[in-house]
Amino acid sequence: IAVQLTDGRILIVERIVDNDQTDSKAEGGGGHTGTIGIWDIESGKWCAKLDLPGKRQKYNTITGQIQQLTDNRFLFEDQGTIYIWDIDNQFLVKIEHESVKNWQKIILLDGRLLTWSGTNLWIWETNQGKCLTNLKGHSNEIKGALELEDGNLLSWSNKTLRLWNEDGLALGCWCFSLAPFEIPQIWLRYLAEVPLQHRFESLH
């Protein structure tokens, strides 16, 4: 995966692929397994470069898009683990959960990370990869989540929408018959039209 930065340099994340299944390195036998780095087009040289941890694979395991947290911090996902690369300090912050192999995620405005999988959501701080809280309450698979302008968080499954404050405290639950893709639009209109003191009269 490669993405061009605003200053013209290119951020590259790659895994070395072993097509030979009998190769001992494909089973974690050591050796170079991948690279993350910044390539300077003008000089034709690496500005920064770091070897990736993990095993060699039979296919490229980097998934999703590279996301920029700050000028010198980048997020990507590999083999069910979220990594945040700090260029200045040359280290990777690792975010993982033993039971989760497929994350959905958004970066919050304050720099924290909101992830979800199955019926659970988690909020993480991104400097050390520490889980701050686990948001529980959904009984069906979570279809999406977003951050509202006031800092509250919104998540939804097939028939249920839940509202949380910025620290993950449950504020309310709304059950209705709408298609999942309609939920965010309906709720945002509801927030705009209904006074704060009356917003949860229909929630249970």
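A pocket here is an open set of grid points with protein on both sides within 12 Å along at least five of seven lines. Keep that in mind as you tour this predicted model.

**Stop 1: the largest pocket**

Select Asp-78, Gln-79, Thr-81, Tyr-83 and Glu-96. These residues lie nearest the centre of the largest pocket, among the 14 that line it. The space inside comes to about 160 Å³. Now colour the lining by class. Which classes make up the lining of the largest pocket? Three residues are nonpolar, five are polar and six are charged.

**Stop 2: Asp-7 and Arg-9**

Next, look for salt bridges. The count is four. Start with Arg-9 and Asp-7. Their closest N and O atoms are 2.8 Å apart, and the two residues form a salt bridge. Are they buried or exposed? Arg-9 has 24% relative accessibility, so Arg-9 counts as partly exposed. Asp-7 is at 46%, and Asp-7 also counts as partly exposed.

**Stop 3: Asp-110 and Arg-112**

Move on to Asp-110 and Arg-112. Their side chains meet in a salt bridge, with 2.7 Å from N to O. Check Arg-112 on its own. Its relative accessibility is 14%. Buried means under 20%, so Arg-112 counts as buried.

**Stop 4: Glu-141 and Lys-143**

Finally, select Lys-143 and Glu-141. This pair forms a salt bridge too, and the closest N and O atoms are 4.0 Å apart. Where does Lys-143 stand on accessibility? Lys-143 has a value of 41%, so this residue counts as partly exposed.

Methods: Residues are numbered from 1 along each chain as its sequence is written. This is a predicted model: local features need pLDDT of at least 70, side-chain atom pairs count only at pLDDT 80 or more; totals for chains, interfaces and linings use all residues. Side-chain values use heavy atoms; hydrogens and water are left out. On a 1 Å grid over the protein atoms alone, a cavity is a set of points where a 1.4 Å probe fits but cannot get out, and a pocket is an open set with protein on both sides within 12 Å along at least five of seven lines; lining residues have an atom within 4 Å of a point. Grid points are joined across faces, edges and corners, and a volume is the space filled by probe spheres set on the points. Ala, Val, Leu, Ile, Met, Phe, Trp, Tyr, Cys and Pro count as nonpolar, Asp, Glu, Lys and Arg as charged, and the others, Gly among them, as polar. Buried means under 20% relative accessible area, exposed over 50%, partly exposed in between (1.4 Å probe, protein chains only).
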